[in-house]
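Please keep the sequence and the model side by side while reading, since the paragraphs below move back and forth between the two.

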Amino acid sequence: MTIQLKLVQLRKKIRVNKKKVTDVIIADHSAEICIICGSQEQLTKEHVIPQWVYNRNTKRTFKTTTNRISQTYNKTTLPACKDCNSNLLGYLERHLKHEFERIDVSHQDFSQETLELIILWLETLEYKFQVLDLRRNLNKVKGAEYIPFIGKMPIAMFQGPMDTSPAKVFTNLRSALQVLSVKSKMDRLNSLCIIHTTNKDFHFFHSTNNFIFIELAEFGVAFFYFYKQRFDEYSAASESAMKIVQKHYSGTDT
Ligand SMILES: [Zn+2]
């Protein structure tokens, strides 16, 4: 079985089930269904960030952009059926991990097929974070005192500089699942920056509907991907990405 045949299965499953899946998740944010195909059979815990990415360090935590509360990657999971989790998404991850091991980005470029698969993989992370944001209630808003009424609202309603309406959040969720069923990522290639890195540690940050940065120190490579923004030239994307990375790690972005 090749990766492309696996992805045909994944896209078909998403196309057939996407409306049902997002309807159920919107009606009940913590519904116990597979977040990809909606199945209630053989549910497993799908890690939002796969364990191999952060070297299985179970104590490693990240902060959500809105909640400012640390949580461990290890415990951040969503329900997915065995077929979607291990067979389809798992196959994509194993395939990419193999490519990351095989290719030294300081000397060689990824093939276009691999670049498109990296985009798909980063899109699956975005979708998972959107579902996660809906499932997590907001406990504390931007350092303010706990407000019981707001505490019951999902984090997703407080994305970005402007608070987001429920309708917008649900539209974003539907489109985040929809893009996973789009085969060609050709028109998105300029929005993916491949960065050669010599850092020794895993780094990650993500802004919903906006961008993701993920550094795989083990493989000497980092990815910065703009989910929405488009660029005529790769160099413009790369410049924007580096500015955001520098701002993030210089501590001015609080
Ligand atoms: Zn499934």
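Is Val-131 buried or exposed, judged by the number of other C-beta atoms within 10 Å? In this predicted model, Val-131 has 23 other C-beta atoms within 10 Å and is therefore buried, the cut-off for that class being 20 or more. Val-131 is found in helix α3, and, once its neighbours within four places in sequence are left aside, Val-131 is in contact with Ile-25, Ile-35 and Leu-78. Although Val-131 and Ser-30 are 101 residues apart in sequence, their C-alpha atoms are 9.1 Å apart in space.

Ile-35, one of the contacts of Val-131, offers a second view of this region. Leaving aside neighbours within four places in sequence, Ile-35 is in contact with Val-21, Ile-25, Leu-78, Pro-79, Ala-80 and Val-131, and Ile-35 is also listed, together with Cys-34, Cys-84, Phe-224 and Tyr-225, among the residues with the most contacts inside the largest nonpolar core, which has 51 residues. Helix α3, which spans residues 112-135, supplies the largest share of this core, namely 10 residues.

With that core in mind, the chain as a whole can be read. The protein chain has 6 helices and 8 strands, and along the sequence these follow the pattern α-β-β-β-β-α-α-α-α-β-β-β-β-α. Of its 254 residues, 30% count as buried. If one takes the contacts between residues at least 6 apart in sequence, 63% of them join residues at least 24 apart.

The helix pairs come next. Two packed helices are described by the angle between their axes and the distance between the axes. For helix α2, residues 82-102, and helix α3, the axes come within 10 Å and cross at roughly 130 degrees, which makes α2 oblique to α3. In this pair α2 passes α3 in a left-handed crossing, and the contact is made on the α2 side by Leu-89, Leu-92, Glu-93, His-95, Leu-96 and Glu-99, and on the α3 side by Thr-114, Leu-117, Ile-118, Leu-120, Trp-121 and Thr-124. Sorted by class, the residues of this contact are 7 nonpolar, 3 polar and 2 charged.

Helix α2 also packs with helix α1, and here the axes come within 9 Å and cross at roughly 150 degrees, so that α1 and α2 are roughly antiparallel to each other. The crossing in which α1 passes α2 is left-handed. From α1 the contact takes Ile-3, Lys-6, Gln-9 and Leu-10, and from α2 it takes Leu-88, Tyr-91, Leu-92 and His-95, which by class gives 5 nonpolar, 2 polar and 1 charged residues. Leu-92 and His-95 of α2 are also listed in the contact of α2 with α3.

How, then, are α1 and α5 directed relative to each other, roughly parallel or roughly antiparallel? Helix α1, residues 3-27, and helix α5, residues 166-178, have axes that come within 10 Å and cross at roughly 155 degrees, and the two helices are therefore roughly antiparallel. In this pair α1 passes α5 in a right-handed crossing, with Ile-14, Lys-18, Val-21, Thr-22 and Ile-26 of α1 meeting Phe-170, Leu-173, Arg-174, Leu-177 and Gln-178 of α5. The residues of this contact divide into 6 nonpolar, 2 polar and 2 charged. Val-21, listed here on the α1 side, is also among the residues in contact with Ile-35, which gives the reader a way back from this helix pair to the residues discussed at the start.

Two loop residues deserve a look at their backbone angles. Gln-42, which is found in the loop between α1 and β1 (43-47), has a positive phi of about 50 degrees although it is not a glycine; with 13 C-beta neighbours inside 10 Å, Gln-42 counts as partly exposed. Asn-209, found in the loop between β6 (203-207) and β7 (211-216), likewise has a positive phi, near 65 degrees, in a residue other than glycine, and with 18 other C-beta atoms within 10 Å Asn-209 is partly exposed.

Notes
Residues are numbered from 1 along each chain as its sequence is written. This is a predicted model: local features need pLDDT of at least 70, side-chain atom pairs count only at pLDDT 80 or more; totals for chains, interfaces and linings use all residues. A nonpolar core is a set of buried Ala, Val, Leu, Ile, Met, Phe, Trp, Tyr and Cys residues joined through C-beta atoms within 7 Å. A residue is buried if 20 or more other C-beta atoms lie within 10 Å of its own, exposed if 12 or fewer, and partly exposed in between; C-beta atoms are placed from the backbone. Helices (H or I, at least four residues) and strands (E, at least two) are DSSP runs, numbered from the N terminus. Two residues are in contact if their C-beta atoms, placed from the backbone, lie within 7 Å. Axes are lines fitted to C-alpha atoms, for helices over the stretch in contact, and angles run from 0 to 180 degrees between N-to-C directions. Angles under 35 degrees count as roughly parallel, over 145 as roughly antiparallel, 65 to 115 as roughly perpendicular and the rest as oblique. A crossing is left-handed if the near helix is turned anticlockwise from the far one by less than a right angle, and right-handed if clockwise. Ala, Val, Leu, Ile, Met, Phe, Trp, Tyr, Cys and Pro count as nonpolar, Asp, Glu, Lys and Arg as charged, and the others, Gly among them, as polar.
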